[in-house]
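Here is a quick tour of a single chain, written for someone who would rather think about residues than about file formats. Have the structure open while you read.

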Amino acid sequence: MPGDSVPLQDRPCLSLQDSMLTQLKKSNKCKSRGILSEGLDTECTPTDFILQFTPPRKQQRLFSKGKENDSNQFVLGRRSRRKDPSPNVSWDQLPDEVVLRIFFCLPLQDLVRISVVCKRWQRLAFDESLWHSVDLEGMTHTGLALQRVLRTGIRRLRCPRSFVEELHLTCRGSLQVVQMDLSNSVIPTLALEDLICRCRLLECLSLEGLQLSDTIISCLAKNTRLQELNLSGCSAFSAPVLARMLKSCSRIQQLNLSWCTFDNNHIKSVVDNLSSSVTHLNLSGYRESLTLNDVKVLVEKCPQIKILDLSDSTLLTADCLPVLKQLKHLLHLSLSRCYHIHLAALTDVDKMFPVLSQLDVFGLVQDSQLPSLKKGMPHVSINSRPFSSIARPTPASRFVGSTSDRAMWNEKCRLRFGL
């Protein structure tokens, strides 16, 4: 051994307890500095003590940018995945209000399909809030569909030119229908009676071209809110029943009774019982029934008329013009094919009717005479509307060459069959 070393027997003897305290002080000092002493031998340091102050190391994956850059490696650190705070919500957990809002966006065919998924969807699919207005035009067999639709509490029903083979209404009480269009449909009279007799809230109704009965007209009298009624081309009801209906429905503003199977008694029942609230009236097509006396009674009963159609009344002459002059609010007058009214009597029409804006005289004025007549009445549109739109749910002009417009009284139905 070297000479400057101290013999082992001359070194101070430390107890085991003093040795442990010394090591503990050194460890605490290293902890406060955040590092372990470089000169501390691992053999003299307890393993458990080192692990206690050593944080766990995450496994890191090493990647290289390529074979040519194996020395340049980078470390990819991954963050722990966060759990989705919002758990999945099933359809069964959605409230009825939310499901109804979703169903509201579905077309008619899809709404019927989803009704067979489960009992809850069937109940919601036929909720009355979804079936406020329905258009069934284009269906071949409308009976079962119409029967189911009426049970939903529908308020607006459009079903023109349809074929209703049978109609068995099982719902009790009155229907909630406010507007209904059954124009030119094929429907049994008994089925129509069952349908109309359940209506009490009708405001707009079109039964154009249908065969009616006294029972149907009597049931219409119970709809005191009726404002627009189209019975053009209807038949098979008596004059007294018609008179009682017109007297009961005193709120009617637009009435179309053109080309019905009327005789003189029907015409007299109409003009004698019309309400003063009528502003639009169509009595065209009564060649041998409508007389000058009927026009006088009509003007006296309905002084607020704005649109009047007396076309195809061959008994009328130029003497009716001074009578019609009493209608101070007349805007549109139709005297087409009233052949006993001569052209000379029409030259002073603009002076008789100061607010008149449209005049229809088809069949009275030849094409060569039309320019001179228009020149004498520059503020009046002559022969601009060949079809009458009085009380019709869809103006007649739209039926010609137009299939896209399926509005009913200026508003389309939300649920529609087909396109």
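What percentage of the 419 residues of the chain count as buried? The figure is 42%. Bear in mind that this is a predicted model.

**The overall layout**

The chain has 14 helices and 14 strands. Take the contacts between residues at least 6 apart in sequence: 60% of them join residues at least 24 apart.

**The cysteines**

How many disulfides does the count come to? It comes to one, and that one joins Cys197 to Cys219, with 2.2 Å from S to S. The link between Cys197 and Cys219 is right-handed, with 65° about the S-S bond. It ties together distant parts of the chain, 22 residues apart: Cys197 is in the loop between helix H7 (189-196) and strand E6 (204-206), while Cys219 belongs to helix H8.

Here is how four of the cysteines fare for accessibility.

| Residue | Relative accessible area | Class |
|---|---|---|
| Cys197 | 24% | partly exposed |
| Cys219 | 5% | buried |
| Cys105 | 62% | exposed |
| Cys413 | 5% | buried |

Why does Cys219 count as buried? Its relative accessible area is 5%, and buried means under 20%. Cys197, at 24%, counts as partly exposed.

**Two helices that cover each other**

Next come helices H9 and H10. In H9 (residues 239-248), the buried residues are Ala239, Val241, Leu242, Ala243, Met245 and Leu246. An α-helix has 3.6 residues a turn, so residues three or four places apart point the same way. With that in mind, have a look at Leu242 and Leu246, both among the buried residues of H9. What covers these buried residues includes helix H8 (214-220), strand E7 (228-230), strand E8 (254-256) and helix H10 (264-273).

Turn to H10 and the buried set reads His266, Ile267, Ser269, Val270, Val271 and Asn273. H9 shows up again here, since the cover over the buried residues of H10 includes H9 and helix H11 (292-301). At the N-terminal end of H10 there is a cap: a side-chain oxygen of Asp263 lies 3.1 Å from the backbone nitrogen of Asn265.

**Arg120 and Leu94**

Arg120 is found in helix H5 (residues 119-125). Which side chain does Arg120 join through a polar contact of 2.7 Å? That partner is Asp96. Setting aside neighbours within four places in sequence, Arg120 is in contact with Trp91, Asp92, Leu94, Pro95, Asp96 and Val99.

One of those, Leu94, is in the loop between strand E2 (73-76) and helix H3 (96-103). Leu94 is partly exposed, with a relative accessible area of 23%. With the same sequence neighbours left out, Leu94 is in contact with Val89, Val99 and Arg120. Val99 therefore appears among the contacts of Leu94 as well as those of Arg120, where contact means heavy atoms within 4.5 Å.

**The pockets**

The largest pocket has a volume of about 530 Å³. It is lined by 32 residues, and the closest to its centre are Phe387, Ser388, Ser389, Ile390 and Arg392. E8, strand E9 (280-282), strand E10 (307-309) and strand E11 (332-334) each supply at least two residues of the lining. By class, that lining divides into eleven nonpolar, 14 polar and seven charged residues.

The second largest pocket holds about 200 Å³ of space. Of its 14 lining residues, Leu108, Val112, Trp131, Ala145 and Val149 are the closest to the centre. Helix H4 (108-114) and helix H6 (143-150) each supply at least two lining residues, and H6 gives the most, with four. The classes here are ten nonpolar, three polar and one charged.

**Two positive phi angles**

Most residues other than glycine have a negative phi. Trp259 goes the other way, with phi near 55°. Trp259 is in the loop between E8 and H10 and counts as partly exposed, at 40% relative accessibility.

Ala391 has a positive phi too, of about 60°. Where is Ala391 found? Ala391 is in the loop between strand E13 (381-382) and strand E14 (415-416). At 0% relative accessibility, Ala391 counts as buried.

Methods. Residues numbered from 1 in each chain as written. Predicted model: local features only at pLDDT ≥ 70, side-chain atom pairs only at ≥ 80, totals over all residues. Heavy atoms only, no water. Buried < 20%, exposed > 50% of the residue type's maximum accessible area, 1.4 Å probe, protein only. Disulfide = S-S within 2.5 Å. Polar contact = N/O pair within 3.5 Å; in protein donor to acceptor, adjacent residues only side chain to side chain. 1 Å grid on protein atoms, 1.4 Å probe; cavity = no way out; pocket = protein on both sides within 12 Å on 5 of 7 lines; lining within 4 Å. Points joined across faces, edges and corners; volume = space filled by probe spheres on them. Nonpolar A, V, L, I, M, F, W, Y, C, P; charged D, E, K, R; others polar.
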